[in-house]
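Take a walk through this model, starting with charges over rings, moving on to aromatic pairs and ending at a pocket. Keep the structure open as you read.

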Amino acid sequence: MTFSRHFGLRHLRRLGFAALLCASTGLPALAASKAETEAQFRRWLQTDLWPQAQKGGISKTEFDTAFATVKLDWDLPDLVPPGSKPQGDQKQSQAEFASPGAYFSEKRLQGLAATGRSLAATHAATLRRIEKTYGVPGPIVLAIWGRESGFGRAKIPHPVLDVLATKAFMSTRGELFTRELVSALHILASGDVREADMRGSWAGAMGQPQFLPSSFLSYAVDFDGDGRRDIWNSVPDVLGSIAHYLSEKGWQRGRDWGFEVSIPDGVSCAQEGPDLAKPLGQWAATGITRISGKAFPRSEAKASGMMLVPAGRHGPEFLVTPNFYVIKEYNNSDLYALFIGNLADRIGGNGGAFEGAWGDVGKMLRSDVLTMQKRLEAQGYDIGKADGLAGYKTRRSLGQWQEKNGLAATCFPDAGLKARLR
């Protein structure tokens, strides 16, 4: 799946700080070992990478041609050259538990929606054919296209092989990038794209849909019928590939992504998550209503839905369908999927800003949330993964703990809870 683009700036800043630290403390300059590292890289290509590529079916001619001009990109973030140690984790504040509202810039959403509506008209025939073929609505496809590459207008600066080879050789996720590098060689061997045109992000995500090479091989389609899967220049191929990806991940034809709702005070927010799904009609029977005042579609009454409270009681509340979690397959973030759903609604002409306000949720540090997770886990709560991220299992467990201890459930971490949760 594609790598998230939303953390690149943080990594770049961290890398810049590391370089400044070396200069100010007299640590050995990275530049002094570059020549040696470059030589090690060329040896690694032949002794380590080539056997894996050969095992994967790449010929020696294809391999040598591909790597004839490939070079290490020293400007990429999070590099770990041979002989150095990876940087330790830094305390950090994340959008998911700091200020989710900042993620939903109204100016940006309005701009993307206006462009999306214009492009919906321009590509109406292609989008109709896509929906007939894959069952994915045009506005959803357009929303992902807009979010990932500004509808193809964003600069995609990096030669993909340079990025993947650099990260495969000197990063903490070398095995992952090595697999993606071999996948990239298969793409070149297929003739879908020339190496010079194979460009991507700093993490190796390619083209306008931002597919990693393995995703390209599995999901990219030739939707314009010219014999090549071109996610760099062909709009039909870009849109068709996004829809094919969502379809293969389980998109349910004819269903929405979800609905903003009002959850009554008497209904616990600690019922969140895909593992607690039940028919939307049952949720409605508890008093949950659409915030728009409209009834839930009759076709949804017996279909499964899930409660979603990404900021607990401090923000908009939702009932989402399984399609919401299909969107998360594209980028595993509740906020990302909500952004796509909201943008799609705007492009489709039946949506605007979420009506529920994103409140002040305390600006918790990731290390603080991790402490709370460990304390909950020690008491037998299922918080998912103890990683400092306030996912639905952490939010749900916090709500359950609050209810058990006679507190009003907010289902979200805050400084007061950290002090009380022992």
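A charge counts as sitting over a ring if NZ of Lys or CZ of Arg is within 6 Å of the ring centre and within 35 degrees of the ring normal. K278 fits this rule: it lies over the face of W283, at 4.3 Å from the ring centre. R147 gives another case. Its charged end sits over the ring of F339, 4.8 Å from the centre of that ring. Bear in mind that this is a predicted model.

F339 leads on to the aromatic residues. Ring pairs join it into a cluster with Y103, F104, W257, F318, F324, Y325, F354 and W358. So R147 places its charge over a ring that belongs to this cluster. How is a pair of aromatic rings described? By the distance of the centres and the angle of the planes.

Take W257 and F324 from the cluster. Their rings form a tilted pair, 6.4 Å centre to centre, with 35° between the planes. W257 lies in the loop between α10 (235-248) and β3, and F324 lies in helix α12 (residues 322-330), so the pair ties together parts that are 67 residues apart in sequence. Are W257 and F324 buried or exposed? Both are buried.

The count for the model comes to 22 aromatic pairs. One of them is formed by F41 and W44. This pair is stacked, with 6.1 Å between the centres and 20° between the planes. Both residues lie in helix α2 (residues 34-55). They are 3 residues apart, about one turn of the helix. Buried means under 20% relative accessible area. F41 is buried because its relative accessible area is 0%. W44 counts as buried too, at 12% relative accessibility.

Now turn to the second largest pocket. Its volume is about 380 Å³. Which residues are closest to its centre? Of the 17 that line the pocket, they are R290, S292, D345, N350 and G351. Two elements, β3 (258-262) and α13 (334-347), each supply at least two residues of the lining. The largest share, 3 residues, comes from β3. By class, the lining of this pocket has 5 nonpolar, 6 polar and 6 charged residues.

Notes:
Residues are numbered from 1 along each chain as its sequence is written. This is a predicted model: local features need pLDDT of at least 70, side-chain atom pairs count only at pLDDT 80 or more; totals for chains, interfaces and linings use all residues. Side-chain values use heavy atoms; hydrogens and water are left out. On a 1 Å grid over the protein atoms alone, a cavity is a set of points where a 1.4 Å probe fits but cannot get out, and a pocket is an open set with protein on both sides within 12 Å along at least five of seven lines; lining residues have an atom within 4 Å of a point. Grid points are joined across faces, edges and corners, and a volume is the space filled by probe spheres set on the points. Helices (H or I, at least four residues) and strands (E, at least two) are DSSP runs, numbered from the N terminus. Ala, Val, Leu, Ile, Met, Phe, Trp, Tyr, Cys and Pro count as nonpolar, Asp, Glu, Lys and Arg as charged, and the others, Gly among them, as polar. Rings of Phe, Tyr and Trp (its six-membered ring) pair if their centres lie within 6.5 Å; planes under 30 degrees apart count as stacked, over 60 as edge-to-face and the rest as tilted. Buried means under 20% relative accessible area, exposed over 50%, partly exposed in between (1.4 Å probe, protein chains only).
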